[in-house]
Amino acid sequence: MKKVVALFAAVLLPTAFAAGTTSTPITVNANVVSSCIFDTSATSAASFTYNAVNGTSGAVNGSATLYCNSGTAVSMTSATSGTKALSNGGTASLNTSYTLGMSAVAAGTGTGTYAGADKYTFTLAVTAASGQWGVPTASNYTNTVDINVSF
């Protein structure tokens, strides 16, 4: 009988006198900063063919798309209109006028990589006046209009 009691005690005692457990929560804090990025794969150039007799057949459009994390306040800091001389890499230039616009698409409409992001679209309308007879024939006239935003 002593062997049975000793065996019983050996089995029960370790669990009866086991160490206790406790826990405590640790608070995790985060600061989310405003973040925006242009989707360069969604940018399209404003391209046209110029004819000195009638200029362009109206405004041609280029576009860009900006994605920002939800709730980021965005404002465009670029000039919304102006003139740009397109150069062919030499001394010749084609004078153009442009208008730059920004519009917010519904909040949270970003998809794919930008799923849930706030989406902004930018449009660039460009025209060239007729009668620019001194502009040499070439197919490489270019320049850029920078879109600057603050957030």
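**Exercise 1. Val149 and its contacts**

Task: In this predicted model, find which residues Val149 is in contact with, leaving aside its neighbours within four places in sequence.

Solution:
- Start with the partners. Val149 is in contact with Phe38, Leu66, Val74, Ser75, Met76, Thr77 and Phe122, once neighbours within four places in sequence are set aside.
- Place the residue. Val149 sits in strand S7, residues 149-150.
- Take one partner, Val74. It is 75 residues from Val149 along the chain, yet their C-alpha atoms are separated by 6.6 Å.
- Check from the other side. The contacts of Leu66 include Val149, along with Val74 and Phe122.

**Exercise 2. The overall plan**

Task: Work out how many helices and strands the protein has, and in what pattern they follow along the sequence.

Solution:
- Count the elements. There are 1 helix and 7 strands.
- Read them in order. The pattern is α-β-β-β-β-β-β-β.
- Look at the contacts. Among those between residues at least 6 apart in sequence, 70% join residues at least 24 apart.
- Turn to burial. Of the 151 residues, 22% count as buried.
- Finish with the surface. Its accessible area is about 10200 Å², and carbon and sulfur atoms hold 57% of that.

**Exercise 3. The largest nonpolar core**

Task: Name the residues of the largest nonpolar core, and say which strand supplies its largest share.

Solution:
- List the members. The 7 residues are Cys36, Ala64, Leu66, Cys68, Val74, Tyr120 and Phe122.
- Assign them to elements. S2 and S6 each supply at least two residues of this core.
- Find the main supplier. S2 gives the largest share, 3 residues.
- Zoom in on Leu66. Beyond four places in sequence, Leu66 touches Cys36, Ile37, Phe38, Val74, Asp118, Lys119, Tyr120, Phe122 and Val149.

**Exercise 4. Thr65**

Task: Decide whether Thr65 is buried or exposed, and find what it touches.

Solution:
- Locate Thr65. It belongs to strand S2.
- Apply the cut-off. Buried means under 20% relative accessible area. Thr65 has 9%, so it is buried.
- List the contacts. Thr65 touches Ile37, Phe38, Asp39, Ala42, Lys119, Tyr120 and Thr121, not counting residues up to four places away in sequence.

**Exercise 5. Two loop residues, Ser34 and Gly110**

Task: For Ser34 and for Gly110, find the loop, the burial class and the contacts.

Solution:
- Begin with Ser34. Its loop runs between helix H1 (2-16) and strand S1 (36-38).
- Class Ser34. Its relative accessibility is 39%, so it counts as partly exposed.
- Note its contacts. Setting aside residues up to four places away in sequence, Ser34 touches Asn69, Thr72 and Phe151.
- Add a distance. Ser34 and Cys68 are 34 residues apart in sequence and 7.3 Å apart in space, C-alpha to C-alpha.
- Move to Gly110. This residue lies in the loop between S5 and S6.
- Class Gly110. Its relative accessibility is 8%, so it counts as buried.
- Note its contacts. Gly110 touches Tyr67, Ala115, Gly116 and Ala117, again not counting residues up to four places away in sequence.
- Add a distance. From Gly110 to Ser70 the separation is 40 residues in sequence and 9.8 Å in space, C-alpha to C-alpha.

**Exercise 6. Ala85**

Task: Say where Ala85 lies and what its burial class is.

Solution:
- Place Ala85. It lies in strand S4.
- Class Ala85. At 33% relative accessibility, it counts as partly exposed.
- List the contacts. Ala85 touches Ser93, Leu94, Asn95 and Asn143, not counting residues up to four places away in sequence.
- Compare chain and space. Ala85 and Thr144 are 59 residues apart along the chain, and their C-alpha atoms are separated by 9.5 Å.

**Exercise 7. The largest pocket**

Task: Describe the volume and the lining of the largest pocket.

Solution:
- Recall the idea. Rolling a probe the size of a water molecule over the atoms shows where empty space is left.
- Give the volume. The largest pocket has about 770 Å³.
- Count the lining. There are 37 residues, and Ala46, Ser47, Phe48, Leu86 and Tyr141 lie nearest the centre.
- Name the elements. Two or more lining residues come from each of strands S2 (60-68), S4 (81-87), S5 (93-104) and S6 (118-128).
- Sort by type. The lining divides into 20 nonpolar, 16 polar and 1 charged.

Terms used:
Residues numbered from 1 in each chain as written. Predicted model: local features only at pLDDT ≥ 70, side-chain atom pairs only at ≥ 80, totals over all residues. Heavy atoms only, no water. Helix = DSSP H or I, 4+ residues; strand = E, 2+ residues; numbered from the N terminus. Buried < 20%, exposed > 50% of the residue type's maximum accessible area, 1.4 Å probe, protein only. Contact = heavy atoms within 4.5 Å. Areas by Shrake-Rupley, 256 points an atom, 1.4 Å probe, with all protein chains shown as cover. 1 Å grid on protein atoms, 1.4 Å probe; cavity = no way out; pocket = protein on both sides within 12 Å on 5 of 7 lines; lining within 4 Å. Points joined across faces, edges and corners; volume = space filled by probe spheres on them. Nonpolar A, V, L, I, M, F, W, Y, C, P; charged D, E, K, R; others polar. Core = buried A, V, L, I, M, F, W, Y, C linked by side-chain atoms within 4.5 Å.
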